Each structure stands twice: as C-alpha cells, then as structure tokens.
Amino acid sequence: MPKETKMNNVEVEKERGGILNPAMRLMRNMAIKQKLMMIIMLTCMSSLILAGAVFLIWEWATLRQDMVRDLSTQAEMIADNCKAALAFEDAKDAEEILSALRIEPSNILACLYNKSGEVFAGYYRNDVDHTARPASLLESGHLFSEGTLVVFRPVVLDGETLGTVCLQSDLQPMYTRLERNVQIITAVLALASLAAYLLSSRIQQIISAPILNLADVAKTVSEEKEYSTRAIKHSNDEVGLLIDSFNGMLGQIQERDSALVSANEKLETRVQERTSELTATNEQLTREIAYRKKAEEVLKKRTEQIIHHQSTLLELGKIATSDLASIMRATTEQDAKTLDIERVSIWLFGVEKSELVCQDLYKRSEDSHEKGLRMKAEDCPRYCQALEASRIVAAEDANKDPRTNEFAEEYLQSEGITSMMDVPLRLHGELVGVVCHEHTGSTREWTLEEQDFAASIADMITLKLEASERRKAEQALRESEHRYRTLLKNIPQKIFYKDRDSVYLLCNESYAEDLKINVDEVKGKTDYDFHPKELANAYRADDARIMALGIPEEIEEKYVKDGQNLIIRTLKSPVRDEQDNIIGIFGIFWDITARKQTEQALERLNKNLETTVQELTRSNKELQDFAYVIAHDLKAPLRAIGTLADWIVTDYSDKFDEQGKDQMRLLKGRVARMSGLIDSILQYSEIGRSPKHLEKLNLNTLIADAIAEIDPPGNIEIVIENELPVVIFERIRLMQVFQNLVGNAITYMDKPQGKIRIGCVEESNFWKFSIADNGPGIGEQYFEKIFKMFQTLVSRDEFESIGIGLAMVKKIVELYGGSVWVESKVSEGSTFFFTLPKHDIGAKDAEFEANIVAGR
Amino acid sequence: MRIRAYGLIIFALSLLVLPTVALAQEGSVQSREYQIKAAFLYNFIKFIDWPKEKERPADSNEPIAIGIIGEDPFGDSFEPLREKQVKGRNVIIKRFEGFEQLNESDEHDEKQHPKIETIRKCHVLFICLSEKMYIQQIIDSIQGYGVLTVGDMEGFLETGGIINFLTEEKKIRFEFNLDSAERSKLTIRSKLLRLAKRVIRQKDA
C-alpha cells in the first residue's frame, strides 16, 4: 500500500509538472509589467470566486433548512386537523383535509397512517401514481431522498399517538433559487475583473518603472563594458537598496579590473626570473653528474677488491679440517697473498695473559712459516692498551705511530717493517690474541676495505678458536655424561626424574627393569601406567606436596613388584631451575622389605621376651614370698622344739641312758641345722625383696671386715693380690658375696696349708673379681650345678653346709647386673669369678647418685 | 446477535398479541359494534368541553365518570379501555338500573333521589334502548348538570339527546343536537362537528 501511494504521488507530481510547469515557464518569460498585472488579477479573481462559492454553499444549506421548516409546519397543521378524523376513523374527512396541499405544486404526495401503520388517507399530485409511498416511514423528523424532502409528523390526541402524517415534496423551488444566485455571482465576477484590470495596469508602474530603469543600465554596462556607469535611485524601498548594491558591485568590478591588469604585468617578470634560475641549476647538475661518474669508477674498483676479499674469505671458510694449526697456516698465507703483504702472523695470549705467543708467521718473500716467538706484554703496554681499546690498530707509519713505536728499535727496523695493521682477537668479549699484518718497503695506507678484510680474518679465527673450545667442552661433557650414565645404569637403587606434573622424564635401568620397560620408554608416562591406582595416587600426592613445600622428604611406602608387596624407602627431592623455580622432582628408592621384616620379627620377639620376663619375675616373686612366709612360720615351732629338747635334757638327764642322751643331742643338732637352714632361706629370699641400700664402699676395708668376721683358721692364708676399688653397692650384699665365697674356700679346704687369693681386674665397664683357692677343686660337670640351691658336692654330715651360699651369691651378683662363674681343676683348686658393673655411665649413674643422696 | 435478540422479542410479543386479536375477531357483530361505540364514547370526551366545575374539579384525581342507564348492551367492551386516561384523568364506568326501577325502589321525591344525584355528577350518560320510554324524563331530571347524553336509537336527538349513534354502510356514524348541548352547557369542538352525519341546530332554522 505505501508503495502504491508513493507511486500515486509521483504521478501527481508529474501531472502537476505537466500542467503547472508550462504556465510557470510562460510567466517567467513575461515582462515584469505583465507579471504584476497577472498577479493582481489572479488574486482578485480567486478571492471573488472563493467568496461566491462559500455564499452558494451557505445559501444551499439555508434553503434546505427553510424547506424543512416550511414542510414541517404544513405537516404539523395537517396532523392537528386530522386528529378527529383519525379518532373517529373518518377517512373521507381526512382526505378532504389533505387535499388542501394542492395549493403548493411542489408537494408530491401526502399520506396519513393510522396507528397500525396502514395508509388511512392520501393526497397525490396529478402526475403521481396513487400507489406511491415514501421510501421509508419515520415516526417524526425528515429525510432527503432522491431529490425530494420527506417530512413525518405524529398525530397526537390527548397524549395518545393516533397515527403519522407523511409529506413528500420535491426540491424544485430550492434549485430555482440557487440557479438565480449563480447567475448573479457570475455577473459580479465579470464586472470585478474588468475593474481589477483597469486598476492594476495603472498601479503596477510604481514597482516596474525603477526595475526597468535598472535593467536598462545593466544592459548598457554588459554590452559596452563601461563600468563607470551608475543607475539612478528613485526610492528608498528594496528596489532602491538593489540599485545601491548594484552600484557598489560596479565599483568593485572596476577596482578588480585595474588590479588584474597590474597582476598580469608582475607575472611576466616572475617568469623571466625563474627561467634564468633554471638555467643556472642545469649547469650545476651537469657538473655533478661528471663527479658522480668518477666516484662510480672508484666504487667499481673497490667493489672488485671487496669481491676478491670475499672470495678469499670464502675459500678460507671452506677449510674442512678442525686442526687449529693448519687453519692458521692457511689463513696467514691467504691473507698475505690477498692483501699483498710481506708478513702476516697470528699471536695468542698465554695462560697468564702476560705474554703473546706466535702461533704462525708467514713470510711471503720466503714462502715460509714459523712459530713459537714470544713477546712480553709488559714490554709493549701502549700496544696492548690499543688492542684492548680498539677494533683495529692500523698504523701507516709504524715507526712513528704512538701505538706501535714501542717495537721500532728492536723489531720493526731490523725486519724492515714500515706499516702495521693489527686486529685484536676477542673471544667472549675478552682479548685473547692478535692478527698482525706487517708491511715492508715504503709506508702503506690501509684502506677501509683492507681493514674490513683484516677484521673478517680475525673474526674467522675467533670463530675457529671458539669452535675448538666448544669441541673440547663437548668432549668433556660427553665423558661426564657417560660416567653419569654408567653410574645410573649400575646403581641398584631405583632412580627417576619427573616433571612438574609428575610425568616421568627419565629413570635408570634398575627402575626400568622393575617396570618391565626400556629406559627410553618411561618418558611421558605417569605412575598410573605402572602402579596400582591407590599407590600411584599416593606417590603423586607425595610429589605434589614435596614440590609445593620445596623440601626433600624420605618416605617409607608400599610398592608392588611382580605381584609381591614390598616396602620401600624413597628419597624425593624437588628439582629447581636457575631462577630457583621448581620444575620437577627427583627420586631414589630401595627395597627395605627384608630389613623391615627382621625389625618386625625382632620387635615381636622382644615383646614375647618381655612378657616372659614379666611372668618369670612375677612367679619368682611369688615363690620368694612363699619361701619367706614358710621359713618365717617354721621358725617359731622349731624354736619351741629346741627349747623343749633343752628342757627334756635338763629335767630328765638322770632318767635317760646314754643312747637316749645321744639321741637327744642328735635331736638338738638337727634342730640347730634346721634353724640355720631356715635362716639361710630367709636370707636368700630377702635378696631383692628389701629396698636397695646403696653406698660408696671401699672394698679394701670391706674385705678386711668380712675376713675378720669369718675368723679363718690358722692354717689358711688369705692374700689380697692388688689394691681394690671403691664401688657403689649394698654393703650387706657385698659382704654376703665375699663371706660366702671366702667361707666356702675355707670350709672345703682339704690341704694342710690353705691359700686363698683375692683379686680384681678393671675391665671397660665392669670390675672382675676373683677368689682363688688351692682346695679340692670341682669337676667340670658341676660348674653349673653348684650355683643351684641345696646343691652340695659333699654330704651334710661331713661339712656343716646347707647348699645355699653360692645360689645366694649368684642371685646377688645377677641382681646387680653382673655374672658369676667358676674355673677349676679337681684336686688343684678352684677360682670363682664375679663381675660388678661400674656405675659411671649415664642415667644409671645419676640414678645411683640420687639414691645415695636420698640415703637409701 | 442484537438483531437476533430483537427478532426473538418481536416474535414473543406477536405470540402474546395474536390470541387477543383472534378473540376480538371471534366476537359477535353486536359486541364489535359496541366495542367501537365504547371507544367513541372515550373519544367524544376529548373533543367536548364541560362546564368549569366538571372540566377542572377541585380534586384533580377525580375520575371522569361514564354512566350507563338501563339494560347494558356493552358487555365487556370497556375492558380494553380500563387503564386508559383521558384528559389526564381516569375514567370510570357507572351502571344504573332502569329509570322505572329507580323510582320503584325508592318512594322519595324523584328530583331529590340520591341515585339521580349520582347520575347528575356523571360526565357522560349512555341511555340504553331499554329506556326508550323514559328518555324525556331522564333528560329532564339531569338537564342543566353538564351531562353529555348519548344514545343509539331513532329520534333520540329529537327527544332532547345530545349525541346519537347510527350505522351507515356498516360504519358507525353519529349526529349532534347542538341545542341540547348548549342547554347542558357543553361545547363541542368543530373538529368533531366536521365528522357529524347530521347536526341539529334550532337557531339556524
């Protein structure tokens, strides 16, 4: 739709253009006079026509209203008159009333409708059929239809609508009046236009006259090019302004015209000047071109030289050998030939940098090489300084140049050298030597190309030096790597190296063997590829932790090899790069399963032992307590028996015969023995029961006391072999030990002259005591047995012995961490040894000290 | 929708109206005739002016009374008109016994008879055929009280009645006695007079 509308617009535009444009064009070409007249006329006419049209429309509307009013009045009157006729249904009367409408010829028909809408009575104009009816039926009001006006009015009687009157009239009277009005308006228009024409033809001159005058002046100016002409001003309106501006414009044009003429003259002089300038420039250009040509020739020569130099360098560069000496020989030779120089040499600093050593010297005239010349640096400080400081030392007159005249007397003059060009050799930015070019004959100026070439030679030698150095370093590296590989390969421990993400980078043969792969297959794998998942997780967690903390760790963990669960000890350490960033982890681990098992077995055993000991201690204690209780309880009735026996002997001595007395004596003896036995048992069981009573004891006095208490018989000699130590011990127990051992020796002495020797030897952490006698001796089979309770080798009756002494000794010594044993030969004597630990080590000593202080 | 709704309403209304129309058509020629006459009686009121006290009584709600004396031939012809107002007032129908019975039932002085008083207060008095013998007496007793006397018998006007119905070409027409009307102080509008078949006027003669 919008598109269509647009098209329509375009068409309208076209149409307008088609009609209006020619009219406008026509108007444009008219004279101003006619234009003005035309405008006035058009304005007048159009306003008149508009006024006429409005008047007509107004008239038409008014007429219509009037007609409606007139007809309505008629209908109203008829309705009123027809009331009775309708009320009493008198159609004839009604028709009579209606027929009064005949007076007005424009009335076409009239109908009277009764209440039920039927036609009750009618009036019809002569030219109208009696069946004609109005187009529609309204109760009241009017309507225009088909050039007629129909009016309806209700017939109301006493508030009751009895029917409707309908009146139809044609509009002829209205049209007649309108026609007459149009005629009048046309006539007025004609008269008005005539008047307008006459008036406008006079009035337009007021405006057109000055404009026409101005046009005449302009025409004159443009045709005759006479810019001094001016238009005359008649009035002060816009036209007056126009004339003023026109005159002003003419003045400007006049000025510009004269300026243009003078500018033209100036331009000509400028052109002449430029032409002479250009000629001069041209001559200069010609001179320049000649100079350039000359320069080009020089350049060409130089280029040739450079090409020669380049080819030499290229040839030198092609030398395949890596032998430094032969490279230098070739270099000096080629260098000398290329630059046409008598002597070329290469010198390198020695290790100390204190002297230069000639590696190769080529003399061209002799075509010979030599080497080994030496030159001390301290002899030529300025020269060395120059080498350090500059890229090249080019001396045209070597004898006078301050950098080289140090050599003048000793070297240059003797060799006939006049010019020198020395290039320092630098390796890693450090001066390592020099390439010397020495010219003989008349002095020589070193061109830039030659200097460049010499520098290139030096660079090449530097490169070769560097290469040889690198070769050496590489060799060293290879050897070191080989050593390292051998180490890795042969070490039984498993070694690996992982990157930051715990991905294997390398491992050693031993580990690869475990993993059942080749060493080079490990790269890119992870623990998940080799180990059960939970183990791999644990390993990787360790890795992550160690890399995060950056601290090496030693870990014991599980490991599965060939389906066998092992325990390994792993040492993992983070690997850092030069910037100290952690880039991976290095690990080494080994199997500790066997050791671990042993440890565990040992631990288990220890535990068992501990329990056993505990049990033993407990049962021992119970036994001791039992023995003590028994012995203690036995003592009382025994004493009673002894007392009773005494009483019996006293009271009944006269009644007993000898046999009876003898038996009583036997009884008393037995009671006494029994009492001794019980005392011994009590003593024995006392050991370890009562709290220890430690004190510092000087054994020398203690032994003397013990012997004095024993009171040995005269035929027995007791000897103390050496000075005895001071020990920390329980006095009573130690007394018991010595008394028992010495007492035994005395008791069992079978020789007429008995000899007992007491000795002591200091060992690393214990004392070893010995008590030796020359008694009957003991068979080897009894060595163990004698230390058991109630064991005597001789019958009771022979020696008054209970068989508890040695057991007591053993018990005491062992209680204090020592041991007791016997060495003996039958009939030659026995030696009893026992040891006592020195209480001078660590905590035990402190414990003893504490006990001593406590006075226990 | 609205059109259909209107259609329905019209149909329903026509159903209500049809039976009454049918009933009316069924009625006898006589009842049809008196239905028209009843309507005409109403219409007469509209075209006739009564003296002041009856036209505009003190009590504006006082109905207009139509009296019927004698044997009533209208039957229920007034039924359709019952609700109708005329001149803004209700209309009531008052029926009276025959003139003879009126006098018989009461021995009072006939001029002072209370029933006669009532009749005198009526606006219209329709005198039935049965009272043909007493027309003169009836008219005399109400003369001057502004009662419009209507009848439907020959010679009614001549005996002093004001309006008489007659039938012409099966149509109900009427005639006036203007003198009688004047005597009863009644004015008949010209619109009504135009329609009269015959107008008696002594003065003209």
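Where does A:Asp711 lie in chain A? In this predicted model, A:Asp711 sits in the loop that runs between helix H16 (699-710) and strand E19 (716-720) of chain A. Its phi is positive, about 50°, although A:Asp711 is not a glycine. With a relative accessibility of 60%, A:Asp711 counts as exposed, since the cut-off for that label is over 50%.

Chain B has a residue that can be described in similar terms. B:Glu169 is found in the loop between E7 and strand E8 (171-177) of chain B. Phi of B:Glu169 is near 50°, again a positive value in a residue other than glycine. At 70% relative accessibility, B:Glu169 counts as exposed.

Chain B as a whole contains eight helices and 10 strands. Of its 205 residues, 42% are buried. When contacts in chain B between residues at least 6 apart in sequence are considered, 62% of them join residues at least 24 apart.

One pair of rings in chain B shows how such distant parts are brought together. The ring centres of B:Phe40 and B:Phe165 are 6.3 Å apart and the planes stand at 40°, so the pair is classed as tilted. B:Phe40 belongs to helix H2 (residues 29-47) of chain B and B:Phe165 to strand E7 (residues 163-168) of chain B, so this pair ties together parts that are 125 residues apart in sequence. Both B:Phe40 and B:Phe165 are buried. The two rings are also members of a cluster linked by ring pairs, which takes in A:Phe88, B:Phe40, B:Phe44, B:Phe47, B:Phe165, B:Phe174 and B:Phe176.

A:Phe88 leads on to the interface. The contact between the chains draws 15 residues from chain A and 17 residues from chain B. About 1300 Å² is buried between chain A and chain B, and carbon and sulfur atoms give 55% of that area. On the chain A side, A:Ala84, A:Phe88 and A:Asp158 supply 45% of the area that chain A buries against chain B, more than any other three residues.

Charge also features at this interface. Six salt bridges are found across the interface of chain A and chain B. B:Arg173 forms a salt bridge with A:Asp90, with the closest N and O atoms 4.0 Å apart. Six residue pairs are in polar contact between the two chains. Helix H3 (83-87) and helix H4 (91-98) of chain A each supply at least two residues of the side that touches chain B. H3(A) gives the most to that side, with four residues. By type, the chain A residues that touch chain B divide into six nonpolar, no polar and nine charged.

Salt bridges are found elsewhere too, with 62 over all chains of the structure. In one of them, the side chains of A:Arg391 and A:Asp452 meet at 3.5 Å, N to O. A:Arg391 lies in the loop between helix H9 (381-389) and strand E10 (393-395) of chain A, and A:Asp452 in helix H11 (residues 448-490) of chain A, so the pair ties together parts that are 61 residues apart in sequence. A:Asp452 is partly exposed, with a relative accessible area of 43%.

Another salt bridge stays within a single helix. A:Asp662 and A:Arg665 both lie in helix H15 (residues 658-686) of chain A, three residues apart, about one turn of the helix. Their closest N and O atoms are 2.3 Å apart. A:Asp662 is partly exposed, at a relative accessible area of 42%. Elsewhere in chain A, salt bridges that share partners join A:Glu554, A:Glu556, A:Arg569, A:Arg595, A:Lys596 and A:Glu599 into one network.

Aromatic pairs number 29 over all chains. One of them, A:Tyr511 with A:Phe589, is edge-to-face, 5.1 Å centre to centre with 90° between the planes. A:Tyr511 is in helix H12 (residues 509-515) of chain A and A:Phe589 in strand E17 (residues 582-591) of chain A, so this pair ties together parts that are 78 residues apart in sequence. A:Tyr511 is buried, with a relative accessible area of 2%, and A:Phe589 is buried at 4%.

A last buried residue is A:Ser208, in helix H6 (residues 205-224) of chain A. Its relative accessible area is 2%. Apart from neighbours within four places in sequence, A:Ser208 is in contact with A:Ile32, A:Lys33 and A:Leu36.

Conventions
Residues numbered from 1 in each chain as written. Chains lettered and ligands numbered in written order. Predicted model: local features only at pLDDT ≥ 70, side-chain atom pairs only at ≥ 80, totals over all residues. Heavy atoms only, no water. Contact = heavy atoms within 4.5 Å. Buried area = accessible area lost by both parts, 1.4 Å probe. Polar contact = N/O pair within 3.5 Å; in protein donor to acceptor, adjacent residues only side chain to side chain. Nonpolar A, V, L, I, M, F, W, Y, C, P; charged D, E, K, R; others polar. Phe/Tyr/Trp six-rings, centres within 6.5 Å; stacked < 30°, edge-to-face > 60°. Buried < 20%, exposed > 50% of the residue type's maximum accessible area, 1.4 Å probe, protein only.
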